[in-house]
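Here are some comments for a colleague at the bench, set out as numbered points. Please read them with the sequence and the structure side by side.

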Amino acid sequence: MSDLKAIYRTLSADPFPRTMTITLGDQKLQFEKRTWRIDGEDRGLRYGENPDQPAALYALNQGTLELDGVAFREAGDGLVSALTEEHMLQAGKHPGKINLTDVDNGINILQYLHTKPAAVILKHNNPCGAAWDELGLEASLKKAFWSDRIAAFGGTVVVNRDVDAACAAFINESYFEVVAAPGYDPEALEMLKKRKNLRILRIPGLAELDTFADKPFLDVKSLADGGLIVQFSFRNRIRGPQDFLPAKADRDGVLVQARTPNAKEMDDLLFAWAVESGVTSNSVLFVRDGATVAVGTGEQDRVGCVQLTIHKAYTKYADWLSFTEQGVSLYELQAKAEADPEPRRILEDIQARTETAKGGLPGTVLVSDGFFPFRDGVDLAVAQGVTAIAQPGGSIRDHEVITAVNQADPQVAMVFTGQRSFRH
């Protein structure tokens, strides 16, 4: 068994050169490999996606790119790739690819949430919980954590405000692998450093993400045959309530139009669409009061994604009841219930209350990264108490989908984004 554990401690040899150059036509981008002096040694990425995959991090250090009149991010705009020893306040088990790409996707989401203190907790490059709150960062952190306590275990925390002692105390109550923030109060940093394996990153640009949101980067996808697909990075067009489009459609000369969301619903839809930009498609998100309630990721069909996300909401709600009332996870309670009548009674009560509460979904809003091809997914969401929906629009059945929300009692609101948010 010790030999198996060794594969996670063994560092992959790094055969990659110090520099890399990408030439697009007559424009040249020069990159330099990022390494850090840690414990007296020069170290690059710990390893790639898996321990037996060597990997390297490169930072753009020279050159600019402009395509079709659009200027891309430049040298000096670096965030994760700009990390130096100064920014690694504690290296822990110094970071590998997954640690840094999780931080990067947290930044990808937070760039659209700069107006309030916000927190994202990520696992496997997807948010498992996200929240923003005018009350402050601690409130946001707690809401993000309780959105999915189970998935948050071993996750990455990325925030857009400085971490104070109260935030650090909350973070230390659970196991995380990485914390990234624009800064840390001295007391907070001292508290976090007690977790010796925790990677503590200071990324000053997290406090200035509004300056990055409108500038794309060159998004590169490698194919299994060695080929490359390059694209402009996704840019969220929904920056305020005014950017949503009315949900309306015409069929055979008959116009149908959905109710416009109220101010609270608009705020939650705005937040949800920002989080959606960092979720693997097909995906839907349920959100209430500036926090994710359930995040559905990577499904192949739209209605199936809605079904599974509802199931996740019920599971997380039941776990919240079990953990806060009994001090054990839902799965631990289920195991105890197999042999003991008292835990069985408690479990049945939690399950009954979860059903009554519909997994905490009543009063939520829903966003979908692609349009609804049929009304079935909308009908499922409406039955759980959703009050407003945002989706790209553009389906030949938009009129059926709008009719579904108009037939709901009370009537459910809907807006179009006019933009798809697929992420593969």
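**Notes on aromatic contacts and a hairpin**

1. K116 lies over the face of W132, at 4.4 Å from the ring centre. Please keep in mind, here and in the points below, that this is a predicted model. A second contact of this kind involves R149, whose charged end sits over the ring of F323 at 3.9 Å from its centre.

2. W132 falls within strand 10, which spans residues 126-132 and is mostly covered, with 7 of its 7 residues buried. Strand 10 runs antiparallel to strand 9 (residues 118-123), and 6 bridges join the two. Among the residues of strand 9, K123 has N126 of strand 10 as its bridge partner. The two strands form a hairpin with 2 residues between them, and in the turn H124 has a positive phi of about 50°.

3. As general background to the ring contacts, a pair of aromatic rings is described by the distance of the centres and the angle of the planes. The count for this model comes to 8 aromatic pairs. One of them joins F145 and F176, whose ring centres are 6.5 Å apart and whose planes stand at 75°, so the pair is edge-to-face. Because F145 lies in helix 3 (residues 137-147) and F176 in strand 12 (residues 176-181), this pair ties together parts that are 31 residues apart in sequence. Both F145 and F176 are buried.

4. The rings of F153 and Y175 have their centres 5.1 Å apart and their planes at 55°, so this pair counts as tilted. F153 lies in the loop between helix 4 (149-152) and strand 11 (155-159), while Y175 lies in the loop between helix 5 (165-172) and strand 12, so the pair ties together parts that are 22 residues apart in sequence. As for accessibility, F153 counts as exposed because its relative accessibility is 55%, whereas Y175, at 36%, counts as partly exposed.

5. F145 and F176 also belong to one aromatic cluster, which they form with W146, F170 and F323. Two members of that cluster, W146 and F323, make a nonpolar surface patch of about 270 Å² together with W320. W320 has its place in helix 8 (residues 302-326), and with a relative accessibility of 35% this residue counts as partly exposed. F323 therefore deserves a second look in the viewer, since the charged end of R149 sits over its ring, and F323 is also part of both the cluster and the patch.

Methods: Residues numbered from 1 in each chain as written. Predicted model: local features only at pLDDT ≥ 70, side-chain atom pairs only at ≥ 80, totals over all residues. Heavy atoms only, no water. Buried < 20%, exposed > 50% of the residue type's maximum accessible area, 1.4 Å probe, protein only. Helix = DSSP H or I, 4+ residues; strand = E, 2+ residues; numbered from the N terminus. Pairing = 2+ DSSP bridges. Patch = residues over 30% accessible without salt bridge, like charges linked within 9 Å, V, L, I, M, F, W, Y side chains within 5 Å. Areas by Shrake-Rupley, 256 points an atom, 1.4 Å probe, with all protein chains shown as cover. Salt bridge = Lys/Arg side-chain N within 4 Å of Asp/Glu carboxyl O. Phe/Tyr/Trp six-rings, centres within 6.5 Å; stacked < 30°, edge-to-face > 60°. Lys NZ or Arg CZ within 6 Å of the ring centre and 35° of its normal.
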